[in-house]
Number of protein chains: 2
Amino acid sequence: MDVRQLRYFLAIAKEGQITRAAKTLNIEQPPLSRQLKLIEEELGVTLFDRNGKRMTLTEAGTVLQAKAEAIVRQLNETVTEIKEIDQGIQGMLSIGSVFSCVSLLPEKIAFFRERYPRVTFKILEGDHVVLGEYLEDRSIELVVTRLPFESNYDISNYESLRLPSDPFVIVVPKKRNWRQTESSFLLKDLATTPLIALKSDKTIQLNEKIVNECRRLGFEPNIICECSSVSITIALVIAGIGVTILPKSVLSAFSVADIELFDLPDITVQSDVGIIWLKNRYLTKKAQRFIELFESTKENY
Amino acid sequence: MDVRQLRYFLAIAKEGQITRAAKTLNIEQPPLSRQLKLIEEELGVTLFDRNGKRMTLTEAGTVLQAKAEAIVRQLNETVTEIKEIDQGIQGMLSIGSVFSCVSLLPEKIAFFRERYPRVTFKILEGDHVVLGEYLEDRSIELVVTRLPFESNYDISNYESLRLPSDPFVIVVPKKRNWRQTESSFLLKDLATTPLIALKSDKTIQLNEKIVNECRRLGFEPNIICECSSVSITIALVIAGIGVTILPKSVLSAFSVADIELFDLPDITVQSDVGIIWLKNRYLTKKAQRFIELFESTKENY
DNA sequence: TTTCGATGGATGTCAGACAGCTACGTTATT
DNA sequence: AATAACGTAGCTGTCTGACATCCATCGAAA
């Protein structure tokens, strides 16, 4: 029995079919069929019930699946950890981010690569659910995101580093006469102003915070449009349809000449931002260092 | 990287020498040397410092040793557990015992084999330290022993099932005129009687309990002899040198015609007995069932 | 309902890779 | 100088994976 066989078994368990599993393993179906038979003979158990074309795990197969996953994971992490001892901080660091936090990364990555020039980066963007899956299958090690992190897995699976929050600003078209002699607005003075809200199925937190703040100040916001895309939201503002309120960092990705940003000093809430990683998994040294970089510079916001 | 290579690495780490490690693995030195080289190349680290004939672990080697041991153990336990699912309760159950508890085993083994006739037994006797080592290296799964269990490892490593305690009795020669019209003695009436104490370097608990009980009753026992062997102790009693006080079960291994046993109703302490096993290791089903047998019958003492 | 084609698992045969063995050379220790 | 131990080279046998083939099942079409 060796770990290669456990990997073969797990692939079949995952796919429920030998031929497809063989493809994911980049081998042909007959040797995979044979290896499964050898495993079953060695252990003296039947691991799959064969229902025509479908293979379902027996009780023994189910027990083995859990154990095999743990063993394979442990071996992978051991190899990674041992390699890192001598080779130092290098290799590809894979990070996930929600769109609205991507803007936090360029500056940090530039700084990190001055310190660790042999580290390369892969950035995957997605919503919380997708990023949660990427973390689980180790496509990525870290997520930079709005908090709380709402994936398909319990929040206790994660460790997090809370970053300095992101102030909200109002986005107005540049060509309108929006009190351009002042550097800030009061939210309560916008009670009747048409608002465009950034809101999608998966990310309603931002909008809720703004609505609740308006209610706290004693009025209902005049939301005339809900939009799931930042760039479309900004285009609507430029077109004069209305204004919008967004976290300041979101806008740093947009160097659009036709908008202006103003602070909202009467908003007390801010947008929570943080780094998320899996609690009980080996974290490569480069990932640890990247987290430390955010940690050591978070007073500088 | 596979588990066979981890086993090879661990053997070298344990022996500190390739040739000797190869012998324990039943292969020759050159392939083992090559496999170590392949492992070092795959991981990109040096695992051993070569000091002439001696190989000592590097930092990376030390880290890998701990991880490799865990992985190999986990795989072994997984294979054992999966095999047990279909093949049921069979195979050899290895039990350790201190000498004074060996007498507890025959009856239970006989009963167990009626229920599970395909289980065979291996009994290893030793003191607490030796039995602790046997548990660690999996030579045995269970220990039947006096409590508390005093091995080289912390007590928190173990689970235990406490058994009904063992009353102390006084052992006297049959041919002496020892109030043979009564069925019991009072300990306090033996204040001046010569006592033979069962005591060795490793098992002083029994003796201490008796001494403390005498003190509680207001006198110092008249110990004239300390002896580490039960059979010698009994021979001294038969020869009329003195009497001794032992847990009742110890005597069930001796059907000697020349001694008599009497209860000691004024002794409030008894000898604690239990079954010990390792907490964080897989326990085979036959071991679990054997424990349950003691558990289900302990009301019948 | 029956037939046919597609899909997928199991078995057989063969080639190449790899693990282990023997022989030998080198280095370190006694 | 002799012995012990590690490393390298060459050889052999076993095992793994690929290709070919057969059998069983399923789904679609007639």
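Of the 20 residues around DNA strand C, those that come nearest are A:Ile18, A:Thr19, A:Pro30, B:Tyr8 and B:Glu28. This is a predicted model. DNA strand D has 21 residues around it. Beyond the DNA, the briefing covers helix packing in chains A and B, then a few backbone details.

**DNA strand C**

- Sugar or phosphate holds 62% of the strand C atoms within 4 Å of the protein, and bases hold the rest.
- A polar backbone atom of A:Ile18 sits 2.4 Å from a phosphate oxygen of DNA strand C.
- A:Lys37 places a polar side-chain atom 2.9 Å from a phosphate oxygen of DNA strand C.
- Chain B takes part through B:Arg4, where an N or O atom in the side chain is 3.3 Å from a phosphate oxygen of DNA strand C.
- Helix H2 (18-25) and H3 of chain A each supply at least two residues of the surface near DNA strand C, and so do helix H1 (3-15) and H3 of chain B.
- H3(A) gives the most to that surface, with five residues.
- By class, the surface near DNA strand C has six nonpolar, six polar and eight charged residues.

**DNA strand D**

- The residues closest to DNA strand D are A:Tyr8, A:Glu28, B:Ile18, B:Thr19 and B:Ser33.
- Of the strand D atoms that come within 4 Å of the protein, sugar and phosphate account for 69%.
- B:Gln17 has a polar side-chain atom 2.9 Å from a phosphate oxygen of DNA strand D.
- B:Gln29 approaches a base: an N or O atom in its side chain is 3.0 Å from a base nitrogen of DNA strand D.
- B:Arg34 does so too, with a polar side-chain atom 3.2 Å from a base oxygen of DNA strand D.
- Two or more residues of the surface near DNA strand D come from each of helix H1 (3-15) and helix H3 (29-43) of chain A, and helix H2 (18-25) and helix H3 (29-43) of chain B.
- H3(B) gives the most to this surface, with five residues.
- The surface near DNA strand D divides into six nonpolar, seven polar and eight charged residues.

**Helix H4 of chain A against helix H4 of chain B**

- Helix H4 (residues 59-87) of chain A and helix H4 (residues 59-87) of chain B have axes that come within 10 Å and cross at roughly 170°.
- That angle makes H4(A) roughly antiparallel to H4(B).
- The contact of H4(A) with H4(B) has 16 nonpolar, four polar and six charged residues.

**Helices H5 and H10 in chain A**

- Helix H5 (residues 105-115) and helix H10 (residues 285-297) of chain A pack at about 115°, with axes 11 Å apart.
- H5(A) is therefore roughly perpendicular to H10(A).
- The crossing of H5(A) and H10(A) is right-handed.
- H5(A) contributes A:Leu105, A:Lys108, A:Ile109, A:Phe111 and A:Phe112 to the contact.
- H10(A) contributes A:Lys286, A:Arg289, A:Phe290, A:Leu293, A:Phe294 and A:Thr297.
- Seven of the residues in the contact of H5(A) with H10(A) are nonpolar, one is polar and three are charged.

**Helices H5 and H10 in chain B**

- In chain B, helix H5 (residues 105-115) packs on helix H10 (residues 285-297) at an angle of about 115°, and their axes are 11 Å apart.
- This makes H5(B) roughly perpendicular to H10(B).
- H5(B) and H10(B) form a right-handed crossing.
- From H5(B), B:Leu105, B:Lys108, B:Ile109, B:Phe111 and B:Phe112 meet B:Lys286, B:Arg289, B:Phe290, B:Leu293, B:Phe294 and B:Thr297 of H10(B).
- The contact of H5(B) with H10(B) divides into seven nonpolar, one polar and three charged residues.

**Backbone details**

- A cis peptide bond runs from A:Leu147 to A:Pro148, with omega near -5°.
- A:Pro148 lies in the loop between strand S5 (142-146) and strand S6 (158-166) of chain A.
- In chain B, the peptide bond from B:Leu147 to B:Pro148 is cis, with omega near -5°.
- B:Pro148 is in the loop between strand S5 (142-146) and strand S6 (158-166) of chain B.
- B:Asn26 is not a glycine, yet it has a positive phi of about 60°.
- B:Asn26 sits in the loop between H2 and H3 of chain B.

Notes
Residues are numbered from 1 along each chain as its sequence is written. Chains are lettered from A and ligands numbered from 1 in the order in which they are written. This is a predicted model: local features need pLDDT of at least 70, side-chain atom pairs count only at pLDDT 80 or more; totals for chains, interfaces and linings use all residues. Side-chain values use heavy atoms; hydrogens and water are left out. Axes are lines fitted to C-alpha atoms, for helices over the stretch in contact, and angles run from 0 to 180 degrees between N-to-C directions. Helices (H or I, at least four residues) and strands (E, at least two) are DSSP runs, numbered from the N terminus. Angles under 35 degrees count as roughly parallel, over 145 as roughly antiparallel, 65 to 115 as roughly perpendicular and the rest as oblique. A crossing is left-handed if the near helix is turned anticlockwise from the far one by less than a right angle, and right-handed if clockwise. Contact means heavy atoms within 4.5 Å. Ala, Val, Leu, Ile, Met, Phe, Trp, Tyr, Cys and Pro count as nonpolar, Asp, Glu, Lys and Arg as charged, and the others, Gly among them, as polar. A residue is near a molecule or strand if one of its heavy atoms lies within 4 Å of it. A polar contact is a pair of N or O atoms within 3.5 Å; within protein, one must be able to donate a hydrogen and the other to accept it, and residues adjacent in sequence count only if both atoms are side-chain atoms.
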